[in-house]
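Let's take a walk through this one, beginning with a single side chain and working outwards. Have the viewer open as you read.

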Amino acid sequence: MKKSPTILIILFFTLFSLSCKKVEEERPNYYYRFKVNGVPKEFSANTNASIGLVDDASSGLFLVFMTMVTGNDGDKNAIVISLRTEQGLLLDKEYLMQDEITYQGKISPTIAAFYLDETGKAYDATKLRRLHLGAADNFKVKFTAFYPESIYGNFEGVLFESSETEDLGSREPLVITEGKFYLPKAGFSR
């Protein structure tokens, strides 16, 4: 008689683990797609892709981290966007990089964006034009639908090869257009 509860417990955990695997297999088709200088790119998001929101009480800001990665190599075909906002995530609001925000006592861009191409070459949009003469960095994000586990949105921007060049006006732009994403939420603290 003592073996019956043990068998039931084993059966319960076996069924539970099988149901977990089934949920993993039924994971929605998260994606991100965009054009780079007019060339279409489309990726299925891997399990490390997500959008996280942190309420930073010390600064009074919300910090949003968007990680778009695919495959087994996070150093290629990836986009990472950080967004600082005073209101949290708002539906259909266009967040603009060049809208300044004060973070940790410094004037900063609202958005910082990073892109790693198929070879792993890094590009970014991180410079405020007002503070960096000749900079043309730009990026924008809009969230178009919120669901309990996921978010849809759009993005586009002008990025430059990551470097420490003094002549910002001489940098060659990399233009991202028609960006769309469908990503899972992760670590929402509110």
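Serine 108 counts as buried because its relative accessible area is 11%, which is under the 20% cut-off. Keep in mind that you're looking at a predicted model. Serine 108 sits in strand E8, which covers residues 106–109. So who keeps it company? Setting aside the neighbours within four places in sequence, serine 108 is in contact with Arg84, Asp99, Glu100, Ile101, Tyr103 and Leu128. Take leucine 128 from that list: it is 20 residues away from serine 108 in sequence, yet the C-alpha to C-alpha separation is 7.2 Å.

Now for another serine. Serine 150 belongs to strand E12, residues 150–161. Is serine 150 buried or exposed? It is buried, because its relative accessibility is 5% and the limit is 20%. Leaving out residues up to four places away in sequence, serine 150 touches Tyr30, Ala145, Tyr182, Leu183, Pro184 and Lys185.

Next, have a look at strand E5, residues 78–85. Seven of its eight residues are buried, so the strand is mostly covered. What does E5 pair with? There's strand E4 (residues 61–68), which runs antiparallel to E5 and is joined to it by seven bridges. There's also strand E9 (residues 111–116), again antiparallel to E5, with six bridges. Isoleucine 81 is a handy residue to click on here: methionine 66 stands opposite isoleucine 81, and in E9 the bridge partner of isoleucine 81 is alanine 113.

On to the nonpolar packing. The largest nonpolar core has 38 residues, and the ones touching the most other members are Phe143 and Phe181. Strand E13 (residues 173–184) gives this core its largest share, five residues.

Last stop: the pockets. The largest pocket holds about 160 Å³ of space. Its lining is made up of Arg84, Thr85, Glu86, Gln87, Lys93, Glu94, Tyr95, Leu96, Asp99, Glu100, Ile101 and Thr110. Which elements give two or more residues to that lining? They are E5, strand E6 (94–96) and strand E7 (100–103), and E6 gives the most, with three residues. By character, the lining splits into six charged, three polar and three nonpolar residues.

Some of these names should ring a bell. Arg84, Asp99, Glu100 and Ile101 are among the contacts of serine 108, and Arg84, Asp99, Glu100 and Ile101 are also among the residues that line the largest pocket.

Notes. Residues numbered from 1 in each chain as written. Predicted model: local features only at pLDDT ≥ 70, side-chain atom pairs only at ≥ 80, totals over all residues. Heavy atoms only, no water. Helix = DSSP H or I, 4+ residues; strand = E, 2+ residues; numbered from the N terminus. Buried < 20%, exposed > 50% of the residue type's maximum accessible area, 1.4 Å probe, protein only. Contact = heavy atoms within 4.5 Å. Pairing = 2+ DSSP bridges. Core = buried A, V, L, I, M, F, W, Y, C linked by side-chain atoms within 4.5 Å. 1 Å grid on protein atoms, 1.4 Å probe; cavity = no way out; pocket = protein on both sides within 12 Å on 5 of 7 lines; lining within 4 Å. Points joined across faces, edges and corners; volume = space filled by probe spheres on them. Nonpolar A, V, L, I, M, F, W, Y, C, P; charged D, E, K, R; others polar.
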